[in-house]
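Biologist: Hi! I'm new to this one, so could you walk me through it?

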Amino acid sequence: MSPFKKISLKGRDLLTWLDYTTEEVHELLSLSEHLKKNPVSKKLEGKTLGMIFEKSSTRTRVSFEAGMLQMGGHAIYLNSRDIQLGRGESIADTAKVLSSYVDAIMIRTFEHEKVAQLAEHASVPVINGLCDMYHPCQALADVLTILELKGKLSGLKVVYVGDGNNVAHSFMILCAKLGMDVVVSCPKGYEPDEEIVQATVQLAEGSGGTFTVVHDPVEAVAGADIVYTDVWASMGQEEETVERLGVFAPYQVNDALLSHAADEVNFLHCLPAHRGEEVTAEVIDGLKSAVFQQAENRLHVQKAILLSVLGG
């Protein structure tokens with residue numbers, strides 16, 4: 001019996017890791033490792049993925065498209081300006097029409113409500129490629145990278161430094177679910193969403209991990225095994241860039257900050273990065289950085305998700 005058939009995820013949506021069990025996440029991680037070693041197959045031959053983009057992308061678009069190709073399937077890029085969604089067609093109508101053409105839908109958008117509505121009305125699996133609240137595919141790649149670097153997950157101290165945004169939300173949910181000690185360090189007023197914080201606390205209590213928000217970045221990274229950051233102004237926040245540069249300056253990940261972490265600390269960043277802002281070039285291009293391994297792993301985890309929800 002295949003070790004990757006213990007749990008069936010066929011037909012499932014992936015909107016947030018709050019909807020998945022720890023066992024299901026481990027299954028996806030195991031499958032990701034397998035696909036990384038065995039990248040080419042015909043398991044999704046004849047399958048088509050529709051990809052809706054309302055936000056620009058490098059890693060999300062290329063990894064999903066390449067992943068479908070490597071497994072014998074096909075991906076269709078749907079820019080919101082080029083389909084009727086951009087001219088006022090409802091999410092419900094778009095979901096129903098696309099469901100008759102494709103085998104799964106990936107959407108990269110702003111409001112989480114759009115992702116939820118698409119999933120509600122689609123009859124095929126819907127994958128959240130990013131929204132303002134969550135970035136689940138990125139978080140699974142993050143965790144796979146940590147597992148490769150450290151050989152384990154439970155008991156590690158992982159610290160996210162910066163804005164309490166969608167990347168932070170999915171990272172803290174998934175790491176807490178998997179038994180890690182999770183710290184988010186951010187300026188006051190830029191904390192993660194309170195409902196997600198409460199959900200993460202409960203996940204940590206159930207897994208044997210911990211979750212805390214610490215405003216002092218030096219205190220936060222003390223003894224950290226992983227230090228993670230993201231840009232200070234995400235897409236849609238460009239008008240806040242100047243203000244945020246001042247607010248977040250003390251949260252830059254640099255050699256001085258990393259000196260308080262564990263000796264074998266690794267640095268992660270979801271990319272794209274702004275060297276000289278949230279991270280220095282010395283850190284992101286240094287020996288402790290695993291950002292390109294992390295970026296590559298987007299391909300492998302998304303293939304695992306696609307293969308699982310499509311039942312390949």
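Modeller: Happy to.

Biologist: Which residues of helix 2 meet helix 12?

Modeller: On the helix 2 side they are R59, T60, S63, F64, A66, G67, M68 and Q70. They meet A295, R298, L299, Q302, K303 and L306 of helix 12, where contact means heavy atoms within 4.5 Å. By class, this contact has 6 nonpolar, 5 polar and 3 charged residues. Ala, Val, Leu, Ile, Met, Phe, Trp, Tyr, Cys and Pro count as nonpolar, Asp, Glu, Lys and Arg as charged, and the others, Gly among them, as polar.

Biologist: Before we go on, what am I looking at?

Modeller: This is a predicted model, with residues numbered from 1 along each chain as its sequence is written. Local features need pLDDT of at least 70 and side-chain atom pairs pLDDT 80 or more, while totals for chains, interfaces and linings use all residues; side-chain values use heavy atoms, without hydrogens and water. Helices (H or I, at least four residues) and strands (E, at least two) are DSSP runs, numbered from the N terminus.

Biologist: Okay, back to that pair. At what angle do helix 2 and helix 12 cross?

Modeller: Roughly 50 degrees, with the axes of helix 2 (residues 59-70) and helix 12 (residues 291-310) coming within 9 Å. Axes are lines fitted to C-alpha atoms, for helices over the stretch in contact, and angles run from 0 to 180 degrees between N-to-C directions. Helix 2 and helix 12 are therefore oblique to each other. Angles under 35 degrees count as roughly parallel, over 145 as roughly antiparallel, 65 to 115 as roughly perpendicular and the rest as oblique.

Biologist: Is that crossing of helix 2 and helix 12 left-handed or right-handed?

Modeller: Right-handed, meaning that the near helix is turned clockwise from the far one by less than a right angle; anticlockwise would be left-handed.

Biologist: What else does helix 12 lie across?

Modeller: Helix 12 lies across strand 8 (226-229) and strand 9, and runs at about 50 degrees to strand 9.

Biologist: Which sheet are those in, and what is its strand order?

Modeller: They belong to an open sheet of 5 strands, ordered 7-6-5-8-9, with parallel pairing. Two strands pair if DSSP finds at least two bridges between them. Strand 7 and strand 9 are the edge strands, each pairing on one side only. Neighbouring strands here are turned by 20 degrees against each other on average, direction ignored.

Biologist: How many bridges join strand 6 to strand 7?

Modeller: There are 4, between strand 6 (residues 181-185) and strand 7 (residues 210-213). V182 has F211 as its bridge partner, and V183 stands opposite T212. Together with helix 7 (residues 194-207), the two strands make a right-handed β-α-β unit: with the strands pointing away from the viewer, the path from the first strand over the helix to the second runs clockwise.

Biologist: Now the sheet with 4 strands. What is its order?

Modeller: The order is 2-1-3-4, again an open sheet with parallel pairing. Strand 2 (74-79) and strand 4 (126-130) each have a single partner strand, so one side of each is left without a neighbour in the sheet. The twist averages 20 degrees from one strand to the next. Strand 3 (residues 104-108) pairs with strand 4 over 4 bridges, and I105 stands opposite V126.

Biologist: Any odd backbone spots?

Modeller: L130, in strand 4, has a phi near 160 degrees, a positive value in a residue other than glycine. A cis peptide bond joins L271 and P272, with omega about 5 degrees. P272 lies in the loop between strand 9 (266-269) and helix 11 (281-284).

Biologist: One more helix pair, please. How do helix 5 and helix 6 cross?

Modeller: The axes of helix 5 (residues 136-150) and helix 6 (residues 166-177) come within 8 Å and cross at roughly 50 degrees. Helix 5 and helix 6 are therefore oblique to each other, and their crossing is right-handed. P136, A139, L140, D142, V143 and I146 of helix 5 touch S170, F171, L174 and C175 of helix 6. That contact has 8 nonpolar, 1 polar and 1 charged residues by class.
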